[in-house]
Amino acid sequence: MPLRSALLKPNTPLRHLFTFVFCASVLVVTGCGKQSSDETDQTQVAAYLLRAQDYRKQGQYRAAIIEARNAIELSPADATGKLVLATLLTDLGQGKQAMKVLDTVGAADSNDAKFALAKADAFILQGKFRSALKVLESTNAGSDIEIQYRLAQATAGLGHTEDAKKIFSALLDSPRATFAKLQLASIEQQLGNADAANALLQQVLKQQPDNIDALITTAKLAESSGDLARAEEALTSALIKLPQTDILLPQKITVLQNLMTILTKQGRSAESLIYAKVLSDTNPEGVALQNKFKEGVDAFREGKLDTAEK
């Protein structure tokens with residue numbers, strides 16, 4: 001039978017062979033296309049997250065957040081993008097928003113130690129220390145240095161200072177030694193042990209003169225002892241050494257607020273107002289919330305409990 005006739009006849013073996021080959025080709029092309037598309041998406045997600053990390057290092061948080069959200073939008077099931085976004089929000093002091101992001105992570109991923117740490121950081125930032133402890137104690141990496149450090153932070157936050165000191169002291173020979181010393185210094189300051197706190201701070205500053213947290217705590221100790229000049233010096237040094245970011249980080253806000261207090265105590269209100277304007281211009285929502293809180297405290301002191309509660 002001629003080839004043309006065989007192709008036209010519906011039931012010939014040659015017709016079946018061509019049909020099979022055609023269908024197989026379609027399946028291969030479709031499968032390859034889907035695999036190629038998935039690989040392209042994953043490559044793009046990785047590129048988004050890499051740019052987010054780069055922007056974070058440069059202090060460009062708005063751009064970093066956009067890149068992290070792009071990664072999540074392209075691959076909602078990929079938990080890595082959510083972890084990066086939550087970390088950025090925690091950097092900015094937005095613990096509640098970070099927790100909302102982490103709550104969308106599936107159970108399989110949320111059991112990972114990285115997510116436990118991220119959740120603990122978000123809870124600690126909000127002052128929810130019991131919730132942080134619960135998350136940390138549920139992990140299988142209880143002996144991990146980072147887990148232990150957060151456990152100590154949460155324990156200290158609950159006021160169990162002696163237990164917290166034991167955990168921090170156990171970390172003094174670890175990569176978290178500097179942070180542990182700073183936490184111990186803060187605890188000693190709260191307990192009124194100024195000499196012990198100063199000794200720990202000097203150890204840190206001797207090795208890391210630019211350590212911002214050490215300078216902030218040094219200023220607090222100096223202020224409490226009435227040495228306003230030393231407090232101002234420490235805070236001014238911290239302000240100069242802080243990295244530039246497009247959004248004010250909690251550290252810088254703390255330094256500016258403390259400087260305002262020190263300058264006001266020294267009778268230099270005009271200079272204090274300069275820093276107040278910086279805070280107002282760059283963080284209007286934060287300043288508004290602080291003003292509302294102050295109004296509430298003032299109302300409470302005046303006995304206007306309903307107004308204070310509102």
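**Helix α13 and the α9–α11 contact**

Just after α13, G226 adopts a positive phi of about 90°. The model described here is predicted.

Helix α13 spans residues 212–224 and contains 13 residues. From its first C-alpha to its last, α13 reaches 19 Å. This is close to the 18 Å expected at 1.5 Å a residue. At the start of α13, N211 contributes a side-chain oxygen, which lies within 3.2 Å of the backbone nitrogen of D213.

Buried positions in α13 are I212, A214, L215, I216, T217, T218, A219, L221 and A222. Several helices help to cover these buried residues, including α11 (177–190) and α12 (194–207). The cover also includes α14 (228–241) and α15 (250–265).

Helix α11 also meets α9 (residues 145–157). The axes of α9 and α11 come within 11 Å and cross at roughly 10°. Angles under 35 degrees count as roughly parallel, so α9 runs roughly parallel to α11. On the α9 side, the contact involves Y149, Q153 and A156. On the α11 side, F179, A180, Q183 and I187 take part. The residues of this contact divide into five nonpolar and two polar, with no charged residue.

These elements belong to a protein chain with 18 helices and zero strands. The chain has 310 residues, of which 37% count as buried. Among contacts in the chain with a separation of 6 or more, 44% come from residues 24 or more positions apart.

Definitions and conventions:
Residues are numbered from 1 along each chain as its sequence is written. This is a predicted model: local features need pLDDT of at least 70, side-chain atom pairs count only at pLDDT 80 or more; totals for chains, interfaces and linings use all residues. Side-chain values use heavy atoms; hydrogens and water are left out. Helices (H or I, at least four residues) and strands (E, at least two) are DSSP runs, numbered from the N terminus. The expected span of a helix is 1.5 Å times one less than its number of residues. Buried means under 20% relative accessible area, exposed over 50%, partly exposed in between (1.4 Å probe, protein chains only). Contact means heavy atoms within 4.5 Å. A polar contact is a pair of N or O atoms within 3.5 Å; within protein, one must be able to donate a hydrogen and the other to accept it, and residues adjacent in sequence count only if both atoms are side-chain atoms. Axes are lines fitted to C-alpha atoms, for helices over the stretch in contact, and angles run from 0 to 180 degrees between N-to-C directions. Angles under 35 degrees count as roughly parallel, over 145 as roughly antiparallel, 65 to 115 as roughly perpendicular and the rest as oblique. Ala, Val, Leu, Ile, Met, Phe, Trp, Tyr, Cys and Pro count as nonpolar, Asp, Glu, Lys and Arg as charged, and the others, Gly among them, as polar.
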